[in-house]
Structures are given as structure tokens and as C-alpha cells.
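User: I should like a close look at one part of this structure, with the terms explained as they arise. Please treat the matter formally and in one connected reply.

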Amino acid sequence: MDPFVLALWAVRLALLALVWLFLFAVARVLMRDVRRAAAEPGAELGRLVVVASPDREPPVGAAFPVDAVTTIGRDLASTVVIADAFASTEHAVITYRGRAWFIEDRGSTNGTYVNGSLVDGVVPLAVGDEIQVGRVRLRLERGRR
Amino acid sequence: MTAAAAVAPRGIVRIRPRLRRREAMLLLIVCAVLGVGGLSLGMTTTDTVTVAGWQLLVIYGGALVAVHLAQSLAGRRTDQVLLPTVGLLGGIGLLLMIRLPQDLVAQDLGSLHLGLAQLQTVWLCLGLAVVGVLAVAVRSDAWLRMYKYTWALAGLTLLVLTFVFGIDEGGARLTLVVGPFSGQPSELLKVILVIFLAGYLAEYRPLLATERTVIGPIRLPPLPYLVPMLAMVALGMGVVIVQRDLGAALLFYIVFLVLLYIATGRTAWVGLGIALGAVASVALYLAFPHVRERVSVWLDPFADPLGAGFQIVQALHAFARGGLFGVGLGAGLPEIAGNLPIPAVHTDFPLAAIGEEMGLAAVLGILALYLVVLERGLRIAAAAADPFRALLAAGLALVVGAQALVIAAGDLRLMPLTGITLPFVSYGGSSILANSLVVGLLLAISDRGIEAPAPPRTRGPVMRALRRGRG
């Protein structure tokens, strides 16, 4: 066979191979990206999802990341701002100690409820529990990793 | 304010060059593709070992490297995959333009006579300049989010201008001529549309996601906010009726629906949108003969293989001739009576030419490249600091991905053919510049940690009304 024709064959296939090599290299970069995002230490510990909110502030379905110490209240400096007329300025605080969640009422006027029962002192909290602050109900969920 | 910013004197931006190793590695492969592609084309056409159009390939490769270096020197942490991906798409397009007859498009600038490939090189380099400038210089998105209604107005003005002053070309009024320049405003319009939609949806997202209109037993999404949706349908139909631009209308509508879904996460919106779109499509089909013709050509191109179905039939044959690995760059596209088999091969059917000369392997590769662009866009959106940037990134990537999908499906007779370009591959200044704008903006918003998200704006009348009546 003519070496020129053979060489042309090789060049043509090399062109296609290079296009796919590019895609393979991109795929490797993407895989590494995904893995690094999964291993990122800044992943949130948990999240509070708004279940009911008569005034829609925060709106139902909104999710707040929950850190080791999370303050809840009407105060704008709170981690989770609840703009509800029945919530106090400093209403409650959620803490993550060791491997468990706890909630504590900060002397609010209308009290804090976990699954319908009034919080007195420091009360342990589990994933899936519903917290009521004012008329707003929030559910504690596992954080996204 | 970070500690570093506090130490540095005011008004001085510290620039630390940053190596972009991944981008460099990927660009190396792109340059190899350019070289091997030129070699393949040169060997086929001249029967000697030459690289066809090497000057143009070198210029283009140099421009890619220049953008890479500019970003490295500026020290920005922008995405490192987008530029090489788009560069490879542009490179394959450039190889195709070098291969096609140069007199398909020609322009004289003074004593300079520029053919198809040279013009494409000029457009690609201008596009890369746009990408580079946006990626290096844009550090704030406030100018986009604050003036969304102004942008929308500009887009509508552009549309009206095209309607009034545009010239007809191939049965569609798409081209606007200003002095020596001509362009297709619908390409720019799609970028403006995404910016406006991202701004609008980011502001009204909580309302759209939670409010309901209750009519008797039926619970619908909030109807007052349907108005922009209906306006969008109207705009889409207007584009079809006025400009006969089916592709752009479809593209706008797809982008609108997907952005709405991303913003609200409610399938009811999408269902409603698809239903409205279907009704509008049927109405258009019944009302306009040019829509009917497109559909009948799609259903049976062989009914009139030398007339209306000519391009589609030729494109299908081209795909068939190509097979798995193609006949080789420069060896395909047999001329019929001195003409190319597919008249609009450089704008509407580059995929058919690539399918013939580089085969199914390359066609699948190109589709995968668009998927990569889409993936990058969605990843930038997922990592974005606030809803506006997230919606903007998703929408921008989507506009490229959806456009590629619509024209690729048209070329392959999977849906009626609509005359839009294959982003970065097709010949055309407007298309390349508009898509470069998209990539430049994507790169600019992919850089996290330069600017904190903008503070929330003063609330609109709706949110104020919701807040009222509370102590």
C-alpha cells in the first residue's frame, strides 16, 4: 500500500483520537472537581427548612444552613432571622455539641416548641424534629455534603 | 473587607499571577487538534505533506493562548475548562471553513480581500478578545442585575429596529444593516433575554415558588406573575411572525421555561408552559404557510428532493457517506453541477459536513463538547453566591446548549429544521460574538471570592405589601 495513503489514514484517525483525548482529559478534570467538592470541609452540619410561615417571611421551603451555634430570632443579627410578630428578638439558640443537637429558649415571650412540647432549659434535638418559633415552624434536616 | 485588602493601600488592586495548569494542558490538546486537522486537510487536498491554512490556524491558536495568558497574569480563579472546550469547537469550525470553498462568503476591506476562512478567523479572534476582556475585567455583576429592565428595553428596541429596518434574507427578516456592518440581533437578544430573566426571577423567586391562586378547587401558580410568562409567549410568537425566525423563538422559549423551573422548582409552571407552547405552535402551524412548509419538509423531505427538501436530503446523504470515521477532511462534499451539495453548509449545516468528513465519532464528540459547556455552566451556577448569579450562569450555559441541540436535531431531521447557527462552529460574526459574550460572562461569574454578593435591593411593591400589617 502507498505509504502516503497509510500516513493520511493515520493522520485522520489521530485527529479523531485527539478530539476524544480532549474529552477524556476534560472528564478527568470534572471527576476531580466533583470529588473535591464532596470532600470540602466547609460542608454544612445541618439545615433548617421552613415548614410553615403565615407571614411568608421567611418563605415556606427556604433552607438555612445551621452551624455549631445558631441563633434564631427577630434580631437582624440572628443566624436565622424570623420576622414573625410572635417571635422574640432573641428567641432561641441551636447548638451542636459533640455529635448531637440541642436547643435552648432564650427567655422568649411566647416560648419555643419542639414537636409540639414547650422547651424548658436545654433540650436535645434530633434530625427531623420540628421547631416552632412564633408561628413559624422549622424542620431540622441533615446538611448537604 | 479581608485582611489583605485592609493592608493594601486604597485604590490599588493587587494582581498576583496564577498558573492555570489544567487550562494549559487542555489548550495543548486543542492546538494539537488544530495542527493534525490542518495536516489531514492539506494531505488530502494537495497530496503532499502540508498543513492547510497554517497561517490562520497559528493566528487562532495564538489568540487562544493569549486569552489563557491574560487570565493567568490577571490571577483570576475563573473556570479552566470552558475556554479550551469552546476553543476546540471554534477550531473544528475553523478547519471546516478552511476546507470549504473560500468564495462562499467574501468581503473586501480596502485592498484586502478576505475569504470565508479569513473572515472566520477574524470573527473568532474578536470573539476571543471579548471572552478575554470580560473574564479579566468584569469583577462585579451589579451593572447586569441593577439595570435588568433597561436591558429588556434595549432588547425590544433591537427587535423593533430589525423589524423596521431589517432586510429579508432567505425568507426571514433577521439581518440588520448599519453602515458597512450587518448583524443578526436575535443572537444578541438571547443574551439580553437571559440577563433579564435571571434578574426578574431572582427577585420574584420566593413569590413564584410559594404563592398560589385558588379558583374554586383548582390551585394554580400565582396568576399575576403569569403576565411575564404570557409576554414571553407573545414575544416568541412575535419573533416567528415578524421575522420568520423559528429557531430563535424556540430557543427563547426553551430557555425561559427551564430558567423558570430552576428558579421555582415547580413542575406546574413547566407543564403550563409546555401546554401554552403547544397551543401556540399549533396556532402558528395553522396560520402561517412557512411554518407548515418547514413541518412538511421535516416529515417527508423525499416528497420534493430537488426543491424544498433538497438541503435536508443532501445532509442526510452526507451523514450516511461519513459513516463511523468519515471520509477524511477535504475528501467529502462532492459538488453537484459546480455547487456544494448543501448550500447553507457553513451556517446551518456544519454538522452535516463534519459528519461526512470526520464521521459519527466527531459528531458525537462535538455534541459531548456542548454537554461539557452545559455542565460547566450548571456547576458555576451551583457554586454561585446568590440566586441572580446562579440563574445567570445556568441560563447562559443553557442558551448555548439549547441552540446546539435545536440546530443539531434539525440537521439530523429529528425535528423541523430552523435556521440558527451551531454555536462557535458555524460561520457568522453575530453568532460568534454573542456566544463569546456568553462564555466571557460565564468565566467572569465563575470566579468566586473576588466580590461578595450584592446586598439585597430595596423590596418591590409586592414584598412591601406582604410586610404591611405586621407590628
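In which loop of chain B is Phe424(B) found?

Analyst: Phe424(B) is found in the loop between α16 (387-411) and α17 (429-446) of chain B. Helices here are DSSP runs of H or I with at least four residues, strands are runs of E with at least two, and both are numbered from the N terminus. This is a predicted model, in which local features need pLDDT of at least 70 and side-chain atom pairs count only at pLDDT 80 or more, while totals for chains, interfaces and linings use all residues. Residues are numbered from 1 along each chain as its sequence is written, chains are lettered from A and ligands numbered from 1 in the order in which they are written, and side-chain values use heavy atoms, with hydrogens and water left out.

The backbone of Phe424(B) deserves attention: its phi is near 70 degrees, a positive value in a residue other than glycine. With a relative accessible area of 3%, Phe424(B) is buried; that term means under 20% relative accessible area, whereas exposed means over 50% and partly exposed lies in between, using a 1.4 Å probe and protein chains only.

Asp47(B) offers a useful counterpart. Phi of Asp47(B) is near 60 degrees, again a positive value in a residue other than glycine. Asp47(B) also has its place in a loop, the one between α2 (21-46) and α3 (54-74) of chain B. Its relative accessibility is 56%, so Asp47(B) counts as exposed, whereas Phe424(B) is buried.
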